Amino acid sequence: MRLYLINPSNPLVAITNVEESRWNRYRVWKPLGLMVLAGLTPPEWDISIMDENLGVPYYSAMPRPDLVGITAFTSQANRAYEVAAYFRGLGAPVVMGGIHATMCLEEAMERVDAVVTGEAESVWRQVLEDVRHGSLKRRYDGGLAEISDVPSARHDLLATGYAFGAIQTTRGCPLNCTFCSVTAFNGARYRQRPIPDVIRDFQLIREKHVLVVDDNLIGTRPEHITRAKDLFRAMAQTNLRKEWVAQATINFADDVELLSLAAKAGCRGVFIGFESLSPEGLREIGKKFNILKGRDFRTSVQRIQRHKILVVGSFIIGLDIDRPGIGKRIASVACRYGVDNLNTLFLTPLPGTRLWDQMKSEGRIALNRFPEDWKYYTLTFPVARYKHLSLAGAIHEMIACDRGFYSTLRILRRVFSSLWQRRKPLINLVGNLSYRRNLQLNRKSYADFRLYSDNRRNPAGGS
Ligand code: B12
Ligand code: SF4
C-alpha cells in the first residue's frame, strides 16, 4: 500500500523563497506533523513524505498512491485544496489533517474525502485500516493525544535538504492568548513527553542543529520547570552533541539554574513573545503573564544572553491600543531590551481563536473571501481592520519598525556587542542580514497585497 504525505507550499511566505535569498535555507523547517504520522503508520505501508517547500514534485511522473495525507496551516489551505483536487482526480482518496482542517472543518470536508481533526495519534491507524477495507469515513476526531502515545518521528524519511532537524518535547500551552491557535488546538493542559522518548527521538535526528517546535518549552508552573530541568540534565548527560533553538515565555530568564542546564543541553537560541510594549496591550491579548512579577525585560534578555543563548523577540502591530508611531517605538524598545533579532507580525484573526470570534462579531475581518484569502493569513499582512491604523498605516508602521531595528548602524552595534560578550558575532550578523534581506522582499509583497486588498474592498474597481 502506497502512502503520500504532503506538506503544501506557500509561495507567499517569504521563508520559502530560497532562490530569492539563500539565507532562507535556514528558515525552511521540517513538517514534523507528517513525520510523526509516518511514525504511527504500520510497516506494510510504503511512505513518501513530500515537502513542497523544497520544490514541488512531478506528481504526474509518480505512481498513483492508495492514500494521500495532506497537512496545512491556514496560509497553506489553498494549495492543499489544489493538491487534493489533483489526486482525487486520479481516484486516490485524500485525507486532510492539522490545524486548518480542524478549525475550518466544513470548508475542508467539501474538498477532501476525509478530515482528521485534532491530534492524530489515537485515530490514524483506524484511518489506514478503513482505507484498506474501502470504508473510509468522512471524519475522525483525534482530540488530544495521550502524550506517551506520541511516537518517534520518522526522521529517516526527510533526511536531506534542511539545515535543521525538528523535535517536539511538549504539547499545549496554559496561557491561551487571544490571537493564538495553540490552546484551541493542543489544549491548555501542558503535556510533557516522557524524557526517555525525547532522548530517543533526539538520537534519531541526523542534523546537528535542531528546532524544538514546542510552543512553550518550559511551561509556567514550578512542576513544569522541574521537568524541563530534568530533561535538560538528561540531554546533557546523554551527550547528544546537538545545538537547538526553541520558543519560550519570558520566565525562562527567571531561573539561572534552568538557563545553565538549557545551555549545557545545547540551547543556542530562544524565541520570546513580548507581543506589546504596554501592560494595556498585554491585557488586551490575554498575555498578562509577561507583566507578572514586574520583570525588567532588559535584565531578563541579558541574563539569557549571558548563557550564550541568542534571543529573538516577537512583537505584534495592530492591537486596539496601537496608534501611529508604534512601529518606530517597537524598534527602539526592542533595541533597548537588547534582543538579537526582532520579528514583528500583524495582529491576525486566525480561525478558531478568541480573536477570530471577537473580530468577526465586530465585522473587522477585512479579507474574508475564503478559501482564496487564506493565503494572506501569514501574519505578515494586515488582513483585519485595526482600530487606529488604516491598511496603509499598518504597513507603514511595519516598514518603520523593521527599518528602525535593522538599520546598518543598529546591526553593527549588535554585532559588536555580541563580539564583546563573546557570543558568536557571525551568527548574529547572518541572522540580522537574513532578516534585512527579507524586508526588501516584503516591500514587493506589500505592494501586491495592497492591490489585491483594494480590489477586494472595492470589487467594481471604481473610486
Ligand atoms: C514549527 C512551526 C512552524 C515552522 C513550520 C514547520 C513546518 N513546515 O511544519 C515555521 C517556523 C516555518 C512556521 C511558520 C509559520 N507558522 Co507555525 N508553527 C509551528 C509550530 C510551533 C509547531 C508545528 C509542529 O511541528 N507541531 C508538531 C506536530 C507533531 O504537530 P502537528 O503539525 O499539529 O501535527 C499533528 C496533528 O495536527 C495531526 N496532523 C497534522 N497534519 C496532518 C495531516 C494528516 C493527513 C493527518 C491525518 C493528521 C495531521 O497529526 C499530528 C500528530 O498529532 C506550530 C504550533 C503547534 N503547536 O503546532 C505553529 C503554528 C502551526 N504556526 C502558525 C503560524 C500562524 C505560522 C505562520 C503563518 C506565521 C509566521 N509568519 O511565522 C508561518 C506560516 C508557514 C507556512 N508555510 O505557511 C500557527 C498556525 C495557525 C493556523 N491556523 O494556521 C501555529 C498553530 C502557531 C500559533 N501560535 O497559532 N511554523
Ligand atoms: S504563550 Fe505563546 S503558545 Fe502560549 S497561548 Fe500565548 S502565544 Fe500561544
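## A walk from the strands to the ligands

Start by selecting strands S10 and S11 (residues 243-248): the two run parallel and are joined by 3 bridges. For a specific pair to label, pick His209, which stands opposite Glu243 in S11. Keep in mind as you go that this is a predicted model.

Now add strand S7 (residues 165-167) to the selection. S7 pairs with S10 (residues 209-212), again in the parallel sense, over 3 bridges. Which residue of S10 does Gly165 face? Gly165 stands opposite Val210.

**The two domains**

Next, colour the protein chain by domain. The assignment gives domain 1 as 2-141 and domain 2 as 147-449. Put a marker at the centre of each, taken over C-alpha atoms, and you'll find 25 Å between them. Where the domains touch, select 33 residues from domain 1 and 39 residues from domain 2.

Stay on the domain 1 side of that contact for a moment. Helix H1 (32-40), strand S2 (46-51), helix H2 (77-89) and helix H3 (99-103) each give two or more residues to this side. H1 gives the most, with 6 residues. Colour this side of domain 1 by class and you get 20 nonpolar, 7 polar and 6 charged residues.

**The core**

Hide the ligands and select the largest nonpolar core, which has 125 residues; Ile70, Ala84, Met96 and Val270 touch the most other members. Where does this core sit? It lies between domain 1 (2-141) and domain 2 (147-449), because both give residues to it.

Zoom in on Val270. Setting aside neighbours within four places in sequence, Val270 is in contact with Val245, Ala246, Ala248, Phe252, Ile304, Ile309 and Val311. Val245, Ala246 and Ala248 should look familiar, as the tour began on S11 (residues 243-248).

**Ligand 1**

Bring ligand 1 back and show the 42 residues around it. Gly33, Gly69, Thr71, Gly97 and Gly98 come nearest. Which element gives the most to this shell? That's H1, with 4 residues. H1, strand S3 (67-71), strand S4 (94-97), H3 and helix H6 (182-186) each supply at least two. By class, the shell around ligand 1 has 23 nonpolar, 16 polar and 3 charged residues. Switch the domain colours back on: ligand 1 lies between domain 1 (2-141) and domain 2 (147-449), since both give residues to its shell.

**Ligand 2**

Move over to ligand 2. Its surroundings include a run of cysteines, Cys173, Cys177 and Cys180, along with Leu175, Asn176, Val182 and Thr183. Completing the shell around ligand 2 are Asp215, Asn216, Thr249, Gly273 and Lys287. Sort these by class and the shell divides into 5 nonpolar, 5 polar and 2 charged.

**Last stop: Ile285**

Finish at Ile285, in the loop between helix H10 (279-284) and helix H11 (297-305). Is Ile285 buried or exposed? Ile285 is buried, because 21 other C-beta atoms lie within 10 Å, where the cut-off for buried is 20 or more. Residues up to four places away in sequence aside, Ile285 touches Cys177, Thr178, Phe179, Glu275, Ser276 and Leu319. You've met Cys177 already, as one of the residues around ligand 2. To end, draw a distance from the C-alpha atom of Ile285 to that of Ser75: the two residues are 210 residues apart along the chain, and their C-alpha atoms are separated by 22 Å.

Terms used. Residues are numbered from 1 along each chain as its sequence is written. Chains are lettered from A and ligands numbered from 1 in the order in which they are written. This is a predicted model: local features need pLDDT of at least 70, side-chain atom pairs count only at pLDDT 80 or more; totals for chains, interfaces and linings use all residues. A residue is near a molecule or strand if its C-beta atom, placed from the backbone, lies within 6 Å of it. Ala, Val, Leu, Ile, Met, Phe, Trp, Tyr, Cys and Pro count as nonpolar, Asp, Glu, Lys and Arg as charged, and the others, Gly among them, as polar. Domain bounds come from an automatic or database domain assignment. Two residues are in contact if their C-beta atoms, placed from the backbone, lie within 7 Å. A residue is buried if 20 or more other C-beta atoms lie within 10 Å of its own, exposed if 12 or fewer, and partly exposed in between; C-beta atoms are placed from the backbone. A nonpolar core is a set of buried Ala, Val, Leu, Ile, Met, Phe, Trp, Tyr and Cys residues joined through C-beta atoms within 7 Å. Two strands pair if DSSP finds at least two bridges between them.
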